[in-house]
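Here's a run of questions about how the labels on this protein get decided. Each reply puts a value next to its cut-off.

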Amino acid sequence: MTTTPTPVLRTIHGVPVWVCPAEGSPVATEQDALDLIGDAGYHGARWVVVPVERLDGAFFRLRTGVAGGIVGKFANYRMGLVVLGDVSAHTADSDALRDFVRECDRGTQTWFVPDLDALRERLAG
């Protein structure tokens, strides 16, 4: 019997962060986002880290509305969302996605970071 790794609550620069493992059910719907938000909030997190591998492919096709729906849920519940990993293969194919990532990274709600070290730098400052 194999078990799926569970998210871990970490504190980075005094900020509680719910870090999801790369393995696990895909985050594909607004309900999936709400489940993460609920779990993270229950544990006192202010940010949820979702590895790129966990996001359904539709997330990276903006015309599907999946990214907007998921990001919107996090914003509504005032929970930060971090997409962790390399998104360059997705942004290389889409000017709109590249612009979306750039705009998110300028804000304080949703960030796209390549690794946890980059997240540490963002939260430090």
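Q: How much area does the protein expose, and what share of it do carbon and sulfur atoms supply?
A: About 6900 Å² is exposed, and carbon and sulfur atoms supply 49% of that. Accessible areas here come from the Shrake-Rupley method with a 1.4 Å probe, and for residues only the protein chains shown count as cover. A word on the source: this is a predicted model, where local features need pLDDT of at least 70, side-chain atom pairs count only at pLDDT 80 or more, and totals for chains, interfaces and linings use all residues. Residues are numbered from 1 along each chain as its sequence is written, and side-chain values use heavy atoms, with hydrogens and water left out.

Q: What makes the protein as compact as a globular protein of its length?
A: Its radius of gyration is 14 Å, close to the 14 Å that the globule rule gives for 125 residues, so it earns that description. The radius is taken over C-alpha atoms, and the rule is 2.2 Å times the number of residues to the power 0.38.

Q: Which pattern does the protein follow along the sequence?
A: It reads β-β-α-β-α-β-α-α-β-α, with five helices and five strands. Helices (H or I, at least four residues) and strands (E, at least two) are DSSP runs, numbered from the N terminus.

Q: Why is Cys20 called buried?
A: Cys20 has a relative accessible area of 5%, and buried means under 20%, with exposed over 50% and partly exposed in between (1.4 Å probe, protein chains only). Cys104 is buried as well, at 11%.

Q: Why is there no disulfide between Cys20 and Cys104?
A: The sulfur of Cys20 is 17 Å from the closest cysteine sulfur, in Cys104, so that's too far for a bond. A disulfide calls for a pair of cysteine sulfur atoms within 2.5 Å. The structure ends up with zero disulfides.

Q: Why are His13 and Arg78 called exposed?
A: His13 has a relative accessible area of 52% and Arg78 comes in at 73%, so both land on the exposed side of the cut-off. Both also have a positive phi without being glycine: about 50 degrees for His13 and near 55 degrees for Arg78. His13 lies in the loop between strand E1 (8-12) and strand E2 (15-19), while Arg78 lies in the loop between H2 and E4.

Q: How do you know that E4 and E5 pair?
A: Four bridges join strand E4 (residues 80-84) to E5, and pairing takes at least two DSSP bridges. The two strands run parallel, and Leu81 stands opposite Thr110 in E5. Within E5 (residues 110-113), Thr110 and Phe112 point one way, Trp111 and Val113 the other, and all are buried.

Q: What makes a set of residues a nonpolar core, and how many residues does the largest have?
A: A core is a set of buried Ala, Val, Leu, Ile, Met, Phe, Trp, Tyr and Cys residues joined through side-chain atoms within 4.5 Å. The largest has 28 residues, and Val48, Phe59, Ile70 and Phe74 have the most contacts inside it. H2 gives the most to this core, with five residues. A second, separate core of 14 residues includes Val15, Val82, Leu116 and Ala118.

Q: Which residues does Ile70 touch?
A: Leaving out residues up to four places away in sequence, Ile70 touches Val27, Ala28, Thr29, Glu30, Ala33, Phe59 and Leu81. Contact means heavy atoms within 4.5 Å.
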